[in-house]
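Please read the following note with the sequence and the model side by side. The numbered points may be taken in order, and each can be checked in the viewer.

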Amino acid sequence: MFIGVQTPVYEGMIVGECPKQVDIALNVCKKKHLTSIRSAGADEALRLVPPKIMSLEQSIEFIGEDELIEVTPKTIRLRKKILNTELRLKEEAKRKKE
């Protein structure tokens with residue numbers, strides 16, 4: 001994860017890294033739904049990893065061809081060039097056809 005707890009997010013912002021080489025669109029603001037079936041130690045085993053804070057140089061090395069870096073006085077954020085998920089998927093489909 002690249003963001004910490006209670007960090008303001010927006011559509012198209014890159015919030016973490018996936019082990020596979022695919023982009024996953026997700027809503028980080030949704031809360032985890034509880035189910036009626038729970039094991040005794042399931043919630044105790046859940047540990048959050050601290051966010052990975054990258055410098056500008058590390059961010060430049062990390063970004064892909066369809067990504068940008070936003071630099072403000074307080075933060076360095078990674079985002080997609082096209083923020084809207086639907087438009088981004090349509091553009092990706094066009095590129096795959098070519």
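1. Glutamine 6 is exposed, because its relative accessibility is 78% and the cut-off for this class is over 50%. The residue belongs to the segment before α1. Its backbone also deserves a look: glutamine 6 is not a glycine, yet its phi is positive, at about 60 degrees. As this is a predicted model, the angle of about 60 degrees at glutamine 6 is a computed value.

2. The overall architecture may be set out next. The protein has 2 helices and 2 strands, and along the sequence they follow the pattern α-β-β-α. Of the 98 residues in the protein, 15% are buried. The exposed area of the protein is about 8700 Å², of which carbon and sulfur atoms supply 57%. When contacts between residues at least 6 apart in sequence are considered, 42% of them join residues at least 24 apart.

3. How do the strands β1 and β2 pair, and over how many bridges? The sense is antiparallel, and there are 5 bridges between β1 and β2. The connection from β1 to β2 is a hairpin made through 4 residues. Within this pairing, glutamate 70 has arginine 77 in β2 as its bridge partner. The side chains of glutamate 70 and arginine 77 also meet, in a salt bridge with an N to O distance of 3.0 Å. Arginine 77 is partly exposed, because its relative accessibility is 26% and this class lies between 20% and 50%.

4. The search of the whole structure gives 7 salt bridges. One of them joins lysine 80 to aspartate 66, with 3.1 Å between the closest N and O atoms. Lysine 80 is in strand β2 (residues 76-80), whereas aspartate 66 is in the loop between α1 (56-62) and β1 (67-71), so this salt bridge ties together parts that are 14 residues apart in sequence. Lysine 80 and aspartate 66 are both buried.

5. Lysine 80 also forms a salt bridge with glutamate 67, and here the closest N and O atoms are 3.2 Å apart. This pair links distant parts of the chain, with lysine 80 in strand β2 and glutamate 67 in strand β1, 13 residues apart. Are lysine 80 and glutamate 67 buried or exposed? Lysine 80 has a relative accessibility of 6% and therefore counts as buried. Glutamate 67 is likewise buried, because its relative accessible area is 12% and the limit for buried residues is under 20%.

6. The two salt bridges of lysine 80 should not be read in isolation. Asp23, Asp66, Glu67 and Lys80 are linked in a network of salt bridges. The student may find it useful to display these four side chains together.

7. A nonpolar patch of about 490 Å² is present on the surface. Which residues make this patch? They are Met1, Val22, Ile24, Leu26 and Val28. Valine 22 is placed in the segment before α1, and isoleucine 24 is placed in the segment before α1 as well. Isoleucine 24 is exposed, because its relative accessible area is 54% and the class begins over 50%. Isoleucine 24 can also be located relative to isoleucine 14: the two are 10 residues apart in sequence, and their C-alpha atoms are 9.7 Å apart in space.

8. The structure contains 1 aromatic pair. The ring centres of phenylalanine 2 and phenylalanine 62 are 5.2 Å apart and the ring planes stand at 85 degrees, so the arrangement is edge-to-face. The pair links distant parts of the chain: phenylalanine 2 is in the segment before α1, phenylalanine 62 is in helix α1, and 60 residues separate them in sequence. Phenylalanine 2 counts as buried, because its relative accessibility is 13%. Phenylalanine 62 counts as partly exposed, because its relative accessibility is 27%.

Notes:
Residues numbered from 1 in each chain as written. Predicted model: local features only at pLDDT ≥ 70, side-chain atom pairs only at ≥ 80, totals over all residues. Heavy atoms only, no water. Buried < 20%, exposed > 50% of the residue type's maximum accessible area, 1.4 Å probe, protein only. Patch = residues over 30% accessible without salt bridge, like charges linked within 9 Å, V, L, I, M, F, W, Y side chains within 5 Å. Areas by Shrake-Rupley, 256 points an atom, 1.4 Å probe, with all protein chains shown as cover. Pairing = 2+ DSSP bridges. Phe/Tyr/Trp six-rings, centres within 6.5 Å; stacked < 30°, edge-to-face > 60°. Contact = heavy atoms within 4.5 Å.
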